[in-house]
Amino acid sequence: MSDPNGLIQPGNAAPGFTLAATPDGHQIGPEQFRGRPVVLAFYPADWSPVCGDQMALYQAAAPVFDQYQAAVLGISVDNIWSHRAFAQARGIEFPLLADFEPKGEVARRYGAYAPWGEAQRALVVIDQNGTVVWSYLSPPDVNPGADGIFDALDRLAQQGVMAR
Amino acid sequence: MSTPLQVTARLRDPVTAEDHARGPVGAPVTVVEYGDFQCQFCGAAYPNLHEMLRQRADSVRLVYRYFPIANVHPYAERAAETAEAAAARGRFWEMHDWLYEHQDQLDPVHLSLGVEQIGLPPDELDAEVQSRAHADRVRRDFVGGIRSGVNGTPTLFVNEVRHEGGYALPDLLAAVDAAANA
């Protein structure tokens with residue numbers, strides 16, 4: 001955690017951005033969800049063979065994210081067409097954002113870019129005011145699950161920070 | 001507030017009388033499986049878990065919890081709710097076994113035949129599944145699993161500690177024997 005270029009840490013303002021979410025160029029970013037917790041799930045690539053796919057898991061957990069009114073955004077350096085095919089194959093309905101041009105720009109700003117040219121497998125939870133409250137870097141080949149995210153969302157809810 | 005190191009995941013929902021368990025109640029080792037009836041990896045693990053229980057009949061109990069990833073496996077949720085409908089009639093494990101032994105026959109028509117095959121009324125079960133009578137139970141298992149760090153299926157917890165090894169019979173036997181001797 002002493003690495004100044006490492007993953008963004010709690011207490012920092014979440015860098016603002018928007019990225020293309022659909023082939024028509026529709027732009028989505030965390031600031032559009034102010035007032036709600038936002039979960040950024042950086043991941044190395046669509047189609048990567050992590051057994052028990054992380055994005056498919058988050059889709060299956062969508063009703064639980066809804067209980068926290070949390071917005072989930074998946075982010076990789078893949079382009080929108082790859083994202084669209086991947087989302088269709090896995091039944092993913094939350095936005096997958098294309099950090100494609102300039103490549104990995106958003107991942108770099110969050111300290112979640114890997115030198116081999118992909119996003120790291122990294123989770124960032126942002127509170128309703130835009131402050132990072134939890135982050136976690138997973139080995140690329142390990143699906144980190146969602147328990148850490150929900151623990152962070154629980155703490156937010158307990159602090160009464162959540163808009164209700 | 002940050003979590004720099006993930007500690008070994010532990011089961012957060014203890015086993016209760018409402019769980020579906022197979023094996024001696026007082027067994028020193030309890031294996032909790034989070035599974036998806038349409039998942040091929042669960043299907044591959046099924047005969048090994050079965051054989052593990054046979055070889056460790058006095059020391060191991062298996063608990064099954066539902067973890068359907070419905071967006072990837074379109075029949076998984078229906079299969080889980082059908083198993084729960086069978087459970088309401090005391091026939092959970094027969095249904096569980098049929099489902100894992102017929103993973104290529106989980107479509108509604110064949111599933112109905114399976115229900116009939118194990119001696120339950122298909123129309124009655126189908127009506128319960130249609131009305132989502134057992135959806136809450138399946139959802140509860142799923143949410144409990146997610147909170148315990150389940151990230152895919154199958155995921156096993158051996159005496160509440162997540163099993164990080166493989167699902168071949170020797171791996172399973174080694175894991176339960178280690179827990180029994182701990």
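Ala45(B) touches Pro154(B) and Tyr167(B), leaving aside residues up to four places away in sequence. The model is a predicted one. Ala45(B) belongs to helix H1 of chain B, residues 40-55. Because its relative accessibility is 0%, Ala45(B) counts as buried. The C-alpha atoms of Ala45(B) and Gly166(B) lie 9.2 Å apart, although 121 residues separate the two in sequence.

**Sheet of chain B**

Five strands of chain B form an open sheet in the order E1-E3-E2-E4-E5, and the pairing is mixed. Strand E1 (20-22) and strand E5 are at the edges with a single partner strand each, so one side of each has no neighbour in the sheet. H1(B) packs on this sheet and touches E1, E2, E3 (60-66) and E4 of chain B. The direction of H1(B) makes about 155 degrees with that of E3(B).

Strand E4 of chain B covers residues 155-158. In general, side chains of a regular strand alternate between the two faces of the sheet. In E4(B), Thr155(B) and Phe157(B) point one way, while Leu156(B) and Val158(B) point the other way. All four of these residues are buried.

E4(B) has pairing on record with two strands. With strand E2 of chain B (residues 29-35), E4(B) pairs in the antiparallel sense over four bridges. Here Val158(B) of E4(B) is the bridge partner of Val31(B). With strand E5 of chain B (residues 161-162), E4(B) also pairs in the antiparallel sense, over two bridges. Phe157(B) stands opposite Arg162(B) of E5(B). The hairpin of E4(B) and E5(B) has two residues between the strands, and Asn159(B) in this hairpin takes a positive phi near 45 degrees.

**Salt bridges**

Over all chains the count of salt bridges comes to 18. Three within chain B are listed here with their N to O distances.

| Acidic residue | Basic residue | N to O distance |
|---|---|---|
| Glu18(B) | Arg140(B) | 3.0 Å |
| Asp97(B) | Arg22(B) | 2.7 Å |
| Asp141(B) | Arg137(B) | 3.5 Å |

What does the salt bridge of Glu18(B) and Arg140(B) tie together? Glu18(B) lies in the segment before E1 of chain B and Arg140(B) in helix H6 of chain B (residues 135-147), so the pair ties together parts that are 122 residues apart in sequence. Glu18(B) has a relative accessible area of 52% and is therefore exposed. Arg140(B), at 46% relative accessibility, counts as partly exposed.

The side chains of Asp97(B) and Arg22(B) also meet in a salt bridge, at 2.7 Å from N to O. This pair links distant parts of the chain, 75 residues apart: Asp97(B) is in helix H3 of chain B (residues 92-101) and Arg22(B) in strand E1 of chain B. Are these two residues buried or exposed? Both Asp97(B) and Arg22(B) are buried.

In the salt bridge of Asp141(B) with Arg137(B), the closest N and O atoms are 3.5 Å apart. Both residues belong to helix H6 of chain B, where four residues, about one turn of the helix, separate them. Asp141(B) and Arg137(B) are both buried. Elsewhere, salt bridges with shared partners join Asp151(A), Asp154(A), Arg12(B) and Arg147(B) into one network.

Conventions:
Residues are numbered from 1 along each chain as its sequence is written. Chains are lettered from A and ligands numbered from 1 in the order in which they are written. This is a predicted model: local features need pLDDT of at least 70, side-chain atom pairs count only at pLDDT 80 or more; totals for chains, interfaces and linings use all residues. Side-chain values use heavy atoms; hydrogens and water are left out. Buried means under 20% relative accessible area, exposed over 50%, partly exposed in between (1.4 Å probe, protein chains only). Two strands pair if DSSP finds at least two bridges between them. Contact means heavy atoms within 4.5 Å. Axes are lines fitted to C-alpha atoms, for helices over the stretch in contact, and angles run from 0 to 180 degrees between N-to-C directions. A salt bridge is a side-chain nitrogen of Lys or Arg within 4 Å of a carboxyl oxygen of Asp or Glu.
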